[in-house]
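Q: I've got this one open on my screen. Let's go through it bit by bit.

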Amino acid sequence: MSKLAVVTGASSGIGQAYAERLAREGYDLVIVARRRERLDALAKRLRDEARVTVEPLTADLTDDRDLARVEARVAGERALELLVNNAGFGAYMPFEKLPPERADDLVRVHVLAPTRLSRAAVPGMVERKKGAIVNVASMLAFSASLPPEPLPNRVVYAAAKAYLVAFSQALAAELAQSGVRVQALCPGIVATEFHVAQGASGPLPGAMDPAEVVQASLAGLQSGEVVCAPTVEDAEKLRSVAESGRAFFAGRPSGALASRYRR
Ligand SMILES: NC(=O)c1ccc[n+]([C@@H]2O[C@H](COP(=O)([O-])OP(=O)(O)OC[C@H]3O[C@@H](n4cnc5c(N)ncnc54)[C@H](OP(=O)(O)O)[C@@H]3O)[C@@H](O)[C@H]2O)c1
């Protein structure tokens with residue numbers, strides 16, 4: 001039986017690299033983004049190169065009706081083996097300058113859409129006892145306590161990506177015995193149009209190739225890594241940062257007020 005992957009944000013960058021790699025691995029694809037002509041060109045190329053079925057699905061994931069269409073598609077796909085929630089953008093700027101509607105869009109694309117599409121995918125995957133969901137987060141998910149410089153101004157973006165890490169970890173734990181895997185992918189700087197949209201004039205120094213990000217993600221899925229960080233060499237450090245919250249849950253739960261808050 002054929003296997004199918006749905007990739008959001010496949011019209012460029014990391015999403016396009018997923019589509020290219022998954023097509024080579026024999027996945028049929030549904031590719032989602034707003035730019036129809038980009039999706040059509042990619043679909044044609046991948047059909048010719050890899051002899052798989054590729055269906056473009058034009059959707060703006062900030063739009064409720066478009067999201068509902070993609071959701072219905074994901075829920076109805078019997079062969080769905082992989083959902084990649086990758087679509088995204090940065091809108092880096094000081095919080096007080098971020099237009100409120102842009103803040104909404106950040107939450108819709110990075111939080112609401114992955115949540116709803118995962119919710120649409122999980123029942124079928126659990127029933128079939130196989131499948132995987134990749135939520136493309138970022139190393140910036142772990143950056144909240146760092147000052148704005150030299151990292152970008154990123155309040156809503158970093159918080160949305162932190163949501164994706166927590167969402168993926170909690171869902172992976174809930175589905176641990178189901179045969180369904182969940183990953184939060186946390187790239188560093190990747191050479192994509194993401195930075196052009198932020199005003200970069202050319203390639204950023206030290207940026208990773210999107211194909212390598214995908215390579216790390218798929219290898220991490222194989223090895224069962226829930227938080228996958230392609231540029232972090234020390235896997236132990238990655239685990240300890242990703243699981244740091246556990247320290248609060250060690251020992252017996254207590255409702256007593258901590259002594260430093262007593263007067
Ligand atoms: N590049 C980096 O350094 C970096 C680092 C860490 C994490 N990430 C994350 O990686 C993911 C992919 O980004 P990228 O670097 O590959 O950037 P990119 O080349 O700009 O690609 C972003 C993709 O998201 C799609 N998209 C954006 N807004 C959308 C919307 N409202 N509805 C539907 N699709 C939408 C775009 O397609 P259309 O414009 O055609 O809709 C495009 O296909 C993002 O979630 C980003 O936050 C990137």
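Q: At what angle do α4 and helix α5 pack?
A: About 10°, and their axes are 9 Å apart; here α5 covers residues 155–174. Axes are lines fitted to C-alpha atoms, for helices over the stretch in contact, and angles run from 0 to 180 degrees between N-to-C directions. That makes α4 roughly parallel to α5, a label for angles under 35 degrees (over 145 is roughly antiparallel, 65 to 115 roughly perpendicular, the rest oblique).

Q: Hang on, what should I know about the model and the numbering?
A: It's a predicted model: local features need pLDDT of at least 70, side-chain atom pairs count only at pLDDT 80 or more, and totals for chains, interfaces and linings use all residues. Residues are numbered from 1 along each chain as its sequence is written. Helices (H or I, at least four residues) and strands (E, at least two) are DSSP runs, numbered from the N terminus.

Q: Back to α4 and α5. Which residues meet there?
A: From α4 you get A103, L106, V107, H110, V111, P114, T115 and S118. From α5 it's V156, Y157, A160, K161, Y163, L164, F167 and L171. Contact means C-beta atoms, placed from the backbone, within 7 Å. By class that's 12 nonpolar, three polar and one charged. Ala, Val, Leu, Ile, Met, Phe, Trp, Tyr, Cys and Pro count as nonpolar, Asp, Glu, Lys and Arg as charged, and the others, Gly among them, as polar.

Q: And how do the axes of α3 and α4 cross?
A: At roughly 20°, coming within 8 Å, with α3 at residues 64–76 and α4 at residues 100–128. So α3 is roughly parallel to α4. The α3 side of the contact is L67, V70, E71, V74 and A75, and the α4 side includes R116 and L117.

Q: New topic: in what order do the strands of the sheet come?
A: Seven strands form an open sheet, ordered β3-β2-β1-β4-β5-β6-β7, with parallel pairing. β3 (54–58) and β7 (227–228) are at the edges with a single partner strand each, so one side of each has no neighbour in the sheet. Strands pair if DSSP finds at least two bridges between them.

Q: How many bridges join β2 to β3?
A: Five, with β2 at residues 28–33. As an example, L29 has V54 in β3 as its bridge partner. Also, α2 packs on the sheet, touching β2 and β3, and its direction makes about 175° with that of β3.

Q: What does α1 do with α2?
A: Their axes come within 10 Å and cross at roughly 25°, with α2 at residues 36–50. They're therefore roughly parallel to each other. Q16, A19, E20, A23 and R24 in α1 meet L42, L46 and A50 in α2.

Q: Where's the ligand, then? Which residues are closest?
A: G9, G13, R34, R35 and G88 are the closest of the 29 residues that surround the ligand. A residue counts as near if its C-beta atom, placed from the backbone, lies within 6 Å. α1 (13–24) and α6 (193–197) each supply at least two residues of that shell. The shell has 14 nonpolar, 10 polar and five charged residues.

Q: Last one: which peptide bond is cis?
A: The one from E149 to P150, with omega near 0°. P150 sits in the loop between β5 (131–136) and α5. Another backbone detail is R51, which has a positive phi of about 55° although it is not a glycine. R51 is in the loop between α2 and β3.

Conventions: Two residues are in contact if their C-beta atoms, placed from the backbone, lie within 7 Å.
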